[in-house]
Amino acid sequence: MSDTTLHELCKGFGALLSRSKTPQFAEEAARVNDRGNLPLHAACSFQASQDVVDALLKAYPQGASLPNGVGNLPLHQAAMWQAPPDTVELLLVHYPEGASARNQYGSLPLHMAASNQASSEVVKLLVDAYPDALHLQNDDGMTPLDLALADEGVSEQVLALLEGRPPPPEMSRRQKAEKFMERSDALERKLLTVRGSGGRQGRDFKDGVAAVRRLADCYPQALYSAGIDPNELEISLSNAMVDGGAMSSSRRGGSSGDAARKQQEAIENAILEAVKKRSKSNANQGGMDQDRDDFGVRDRVEDLISSIVGLEHIKCQIRGLRRTTEICDLRESLLPDHGNGIRGLSAALVGATLSDLGGRPRAPHMIFFGNPGTGKTAVARLLAKVYHELGILRKPKFLEVERMDLIAADQRGTIAKTREVLEEAKGGILFIDEAYTLGMTSKRSRAENAGIDAMTEIMRSIDTDEAGRDSPLVIMAGFPTEMNLFLARHEELRRRFDVTFEFPDYTCQELAEIFVDLVHAKGFYLDETVRVDYIAKLLQKQTDPTWRSERNGRVSEMLLAGARTEVRKRIRSSQFEEQEVDPQLILRQDIETAMEYDLK
């Protein structure tokens, strides 16, 4: 059974209290939908007030003790969706045993509250109702404190309650201002440090250009992974050096620094032009591929790569690895092991070109830097599919872990857990999120070097499987500052990761594109007047860069959630006004309203 009228009313509460006076209300309050939710579950999921929950409990008192399809009581739902404290208190009064009930994932209501930024009042109610919950783990081995520590937005009051100590007093406005000033001063000092390093840029640039030219001479195929045609680059660089020299000699009275800067700009433009020419070539090839698609031939790898919004440097790396793989496949087809001729071709014609190439390449272990929501996990999950399609990975396995999945209470347990994770990810990708936490010490663990033990096992797996090629491809991810500090302290680990990708913050244009992709993926469609450029301008106007950088791709998810709420409101209104509403259509005013009220 899908949601009933009462389920929908429980999400808005506007007419529910009036409906509670009708004769059929008691029978409606006992109905469950196809997910096993009572109207009481729905009300608790939408932050219902105490009087709404009280009306539902009076109509169906047993509802407080009934789980839904995933084992959640109404108390679980209230804790997860930040219901008001008086609502949580009322549920505990009707069914105090609910504080000790676990869902199918082994989570207590306190676990749900700790991992979803519940208020300190709600956390205190749950702790008082079932104090033992502070020390109990869910099926993932996480206590409520572990879950709270994984959330950057957790308050000091909640942490104190979960650690069993008195909560600190609320900070005054002056104290909050001083804390923000400390953060501002730290950022200013970092900016001055970066600015002071500018004197080395000229020398570094010349060294970089020289390195690129040597790379083009020795390993031209490597430049393809950056989207550059080596031949075009050499021609452009040669012209830039001539033009830059002529420009500097024609400047009368100009300083040598100005001349050097002009030449540097000319060389930079030359490299950009080489990239543009290569990109244009790829675009033309893409048009040909589209023509082939019209006849039923599709490029699965290119389809997956194209689904990534932005991040062109990562796309180029994947395409470069693909070309190298195809060259190696060509070598195997032209140079068979038995060496009895090459399908009618002279060995001398292809031997010099292909004989020195090794076997099929293995994708390098990688490090992902980026702020929250920049797509690190999504790209890593997509890489598992792409590399499997290319035959680089044996299976499209993607396993995401964090510190708690690798660390145990002692050294032996840590080694066993890490080996178990490596075995499970075998043949696929092992994604270690917030990898810098492996360098932190834990007050809860008796092993001081637990993180080092886990890192040692990961390095051993990387070192001992160069021949078998069945160990997982390891990707370590985290925030830029923390990861840089972590890797600087663990040079042995850093040396084993050949490629580092930085995930920049999304622009408003890219966030708008992600929003449109999410709309289509969820089965919705946009009104004809809504365009990507329009959404991007709204985001630019309604949000500030700092707020966006703290959320990135989650901004698009929040915007979609707000727009869907507006669609539900239209549907509810249409039931009373007898109007037809397309439940899958998102209008311009839906986006504008969501932008105004949900993106805060």
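In this predicted model, Glu27 is partly exposed, with a relative accessible area of 42%, and its side chain meets that of Arg31 in a salt bridge whose N to O distance is 2.7 Å. Arg31 also counts as partly exposed, because its relative accessibility is 32%, a value that falls between the limits of 20% for buried and 50% for exposed residues. This pair is one example from a structure that holds 16 salt bridges.

A further example is found in helix 9, where Asp128 and Lys124 lie 4 residues apart, which is about one turn of the helix. Their side chains meet in a salt bridge of 3.0 Å, taken from N to O, and Lys124 is partly exposed, with a relative accessible area of 43%. What does a salt bridge between Glu400 and Arg381 tie together? Glu400 lies in strand 2 (residues 398-401) while Arg381 lies in helix 20 (residues 376-389), so the pair links parts that are 19 residues apart in sequence. The closest N and O atoms of Glu400 and Arg381 are 3.9 Å apart. Both ends of this bridge are partly exposed, Glu400 at 35% relative accessibility and Arg381 with a relative accessible area of 38%. Elsewhere, salt bridges that share partners join Asp463, Glu492, Arg495 and Arg496 into one network.

We can now turn from charged side chains to aromatic rings. A search of the whole structure finds 4 aromatic pairs, and one of them is formed by Phe368 and Phe501, whose rings are tilted, with 6.1 Å from centre to centre and 50° between the planes. Phe368 belongs to strand 1 (residues 366-370) and Phe501 to strand 5 (residues 499-503), so this pair ties together parts that are 133 residues apart in sequence. Phe368 also forms a tilted pair with Phe503, in which the centres are 4.8 Å apart and the planes again make an angle of 50°. Because Phe503 lies in strand 5 and Phe368 in strand 1, the parts tied together here are 135 residues apart in sequence. Are these rings buried or exposed? Phe368 and Phe501 are both buried, the relative accessibility of Phe368 being 0%, and Phe503 counts as buried at 2%. Taken together, Phe368, Phe501 and Phe503 form one aromatic cluster. An aromatic ring is also met by a charged residue at Tyr534, where Arg588 lies over the face of the ring, at 4.0 Å from its centre.

The backbone deserves attention at two loop residues. Gln117 has a positive phi of about 55° although it is not a glycine, and it is found in the loop between helix 8 (109-114) and helix 9 (120-129). Asn552, another residue other than glycine, has a positive phi near 55°, and its place is in the loop between helix 28 (545-549) and helix 29 (553-577). As for their surroundings, Gln117 is partly exposed, with a relative accessible area of 45%, whereas Asn552 is buried, with a relative accessible area of 1%.

Finally, there is enclosed space to consider, for a search of the whole structure finds 2 cavities of 30 Å³ or more. The second largest cavity contains about 30 Å³ of space, and it is lined by Ala64, Leu73, Pro74, Leu75, Leu91, Tyr95 and Gly98. By class, this lining has 6 nonpolar residues and 1 polar residue, with no charged residues.

Notes. Residues are numbered from 1 along each chain as its sequence is written. This is a predicted model: local features need pLDDT of at least 70, side-chain atom pairs count only at pLDDT 80 or more; totals for chains, interfaces and linings use all residues. Side-chain values use heavy atoms; hydrogens and water are left out. On a 1 Å grid over the protein atoms alone, a cavity is a set of points where a 1.4 Å probe fits but cannot get out, and a pocket is an open set with protein on both sides within 12 Å along at least five of seven lines; lining residues have an atom within 4 Å of a point. Grid points are joined across faces, edges and corners, and a volume is the space filled by probe spheres set on the points. Ala, Val, Leu, Ile, Met, Phe, Trp, Tyr, Cys and Pro count as nonpolar, Asp, Glu, Lys and Arg as charged, and the others, Gly among them, as polar. Rings of Phe, Tyr and Trp (its six-membered ring) pair if their centres lie within 6.5 Å; planes under 30 degrees apart count as stacked, over 60 as edge-to-face and the rest as tilted. Buried means under 20% relative accessible area, exposed over 50%, partly exposed in between (1.4 Å probe, protein chains only). A charge sits over a ring if NZ of Lys or CZ of Arg is within 6 Å of the ring centre and within 35 degrees of the ring normal. A salt bridge is a side-chain nitrogen of Lys or Arg within 4 Å of a carboxyl oxygen of Asp or Glu.
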